[in-house]
Amino acid sequence: VGGGGGARGGGVGAGLELLSTIGEDAEARGAVCEGHADAAHAAICKGLGWGGEEKFRVVGAAATALCNLSHDSKTGLKMFLADRVRRGENTALEPLTSLLDTPLHLENVDEIPVRESALSALANLLGVRDLRRAYVEDAKRLKALVSMLGNAGEACRLLGGAIPPACDALFSKILGVVLNCSIETKAQPLIFEAKAVSSLVSLCKATGTSETTRTRTLLLLRRACKFLSTRKQLSKAFIAKGGVGASLASIAKDASPKSTNTIKEHVSSILAHCARDVEGRLDILSFESSSGEDGLSLLTRALAPDATAAAVANASTVISEMSVERSSLKPLGAAVGPLVAALRREGKGVEVKVMRKNAAVALAKLAKLPDNLANIRRLHGIELMYGIIAAEQ
């Protein structure tokens with residue numbers, strides 16, 4: 001791989017493929033990173049920047065080698081790169097970013113696997129705080145990241161919202177990298193700008209996406225809503241783009257029990273932000289899924305006995321916000337039973353305590369309607385609410 005400028009693509013590709021295979025074995029990977037990290041890093045950088053013959057083979061092998069050699073958290077190549085970052089030296093992040101900061105051509109079957117490998121490598125590297133912070137401090141890199149997200153959203157629209165499996169895997173990896181970077185406060189203004197949020201809403205609306213893609217999209221939207229709420233931009237950047245309906249529709253889609261609970265938790269958190277806005281409340285009330293379920297029915301699913309305490313706490317907050325509209329009190333009456341059941345839940349910890357408190361507040365607001373109050377009394381909800389108040393004092 002380290003041959004002169006006349007090195008042929010076949011030889012360089014074969015060398016990087018061998019390095020990638022070595023990286024699959026933990027013991028061999030450790031030996032490379034301990035005694036040959038400089039040479040391995042130089043070879044990978046050369047491959048990532050390759051523009052000669054057999055380009056996709058060479059670049060793909062380099063990205064896969066970087067991904068495999070950076071698996072280990074303490075002894076892998078990513079710790080070597082973190083040391084270089086701390087010393088102010090160049091790393092594979094530069095050619096990796098340049099590779100990803102190019103237009104996405106979904107029709108090119110050779111390009112998608114290369115991008116997937118590059119994104120997997122980048123996700124591994126950004127798991128290290130120093131590398132992640134160095135990445136987000138560079139405005140060019142961040143713009144490349146947002147551009148990738150925008151490309152995914154645009155591709156989703158061009159595909160008519162139906163995502164083929166090969167594209168889904170690629171989009172999932174893009175979302176994984178963006179999620180990593182969104183942890184950093186400094187990166188959030190750019191990651192959660194209006195165009196990027198619009199792309200996330202498009203992915204949320206799409207059909208054919210895997211559970212992983214769906215949960216990652218919703219987690220990013222959850223973080224976006226929290227950020228946009230503090231900037232008072234939620235209505236324009238998310239609600240006006242159809243975000244409420246897209247989020248509610250996610251609950252109606254089939255998923256495994258584990259993913260279903262995660263989805264409920266993310267969606268209820270998103271709606272808790274949106275329900276503070278009059279347009280958000282109207283969107284929840286007017287929503288109807290393709291199967292005929294309305295927004296309040298889907299919201300009530302987040303109060304189910306198998307839902308997490310966090311999901312129930314968030315859904316309770318949504319109901320409290322929705323009860324501001326007097327006309328909503330009657331349809332919200334369907335939530336009385338699940339809310340009283342939440343008060344009866346056993347368990348310890350902060351999440352359970354918050355869940356019970358939020359459920360009690362929601363019931364107190366629903367009690368403004370006589371029929372709801374009668375139902376709460378019938379289920380002995382008043383006594384349970386007094387018990388929670390006493391425990392708080």
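In the predicted model, the largest pocket encloses about 200 Å³ of space. Its lining is formed by Leu48, Lys55, Phe56, Val59, Ser98, Leu99, Thr102, Pro103, His105, Glu111, Val114 and Arg115, and at least two of the lining residues are supplied by each of H4, helix H6 (93-100) and helix H7 (111-125). Sorted by class, this lining comprises six nonpolar, three polar and three charged residues.

The second largest pocket holds about 150 Å³ of space and is lined by Gln188, Arg222, Arg223, Lys226, Phe227, Thr230, Ser269 and His273. Two or more residues of this lining are given by helix H13 (211-230) and by helix H16 (257-274), with H13 providing the largest share, namely five residues. The class composition of the lining of the second largest pocket is one nonpolar, four polar and three charged residues.

Attention then turned to charged side chains. Side chains of opposite charge can pair when their charged atoms come close, and a search of the whole structure returned 17 salt bridges. One of these is formed between Glu17 and Arg57, for which the closest N and O atoms lie 2.8 Å apart. Because Glu17 belongs to helix H1 (residues 9-22) and Arg57 to helix H4 (residues 55-69), this pair ties together parts that are 40 residues apart in sequence. Both partners fall in the partly exposed class, Glu17 having a relative accessible area of 33% and Arg57 one of 31%. Helix H4 thus appears in two contexts, as the element that holds Arg57 and as a contributor of at least two residues to the lining of the largest pocket.

A salt bridge within a single helix is found between Asp83 and Arg86, with the closest N and O atoms separated by 2.5 Å. These two residues are three positions apart in helix H5 (residues 77-86), so that about one helical turn separates them. Asp83 is partly exposed, its relative accessible area being 34%.

A further salt bridge joins the side chains of Arg87 and Glu89, at an N to O distance of 3.1 Å. Salt bridges with shared partners connect this pair to others, such that Asp38, Arg84, Arg87 and Glu89 form one network. Within this network, Arg87 counts as exposed because its relative accessibility is 51%, which lies over the 50% limit for that class, whereas Glu89, with a relative accessible area of 32%, is partly exposed.

Technical notes. Residues are numbered from 1 along each chain as its sequence is written. This is a predicted model: local features need pLDDT of at least 70, side-chain atom pairs count only at pLDDT 80 or more; totals for chains, interfaces and linings use all residues. Side-chain values use heavy atoms; hydrogens and water are left out. A salt bridge is a side-chain nitrogen of Lys or Arg within 4 Å of a carboxyl oxygen of Asp or Glu. Helices (H or I, at least four residues) and strands (E, at least two) are DSSP runs, numbered from the N terminus. Buried means under 20% relative accessible area, exposed over 50%, partly exposed in between (1.4 Å probe, protein chains only). On a 1 Å grid over the protein atoms alone, a cavity is a set of points where a 1.4 Å probe fits but cannot get out, and a pocket is an open set with protein on both sides within 12 Å along at least five of seven lines; lining residues have an atom within 4 Å of a point. Grid points are joined across faces, edges and corners, and a volume is the space filled by probe spheres set on the points. Ala, Val, Leu, Ile, Met, Phe, Trp, Tyr, Cys and Pro count as nonpolar, Asp, Glu, Lys and Arg as charged, and the others, Gly among them, as polar.
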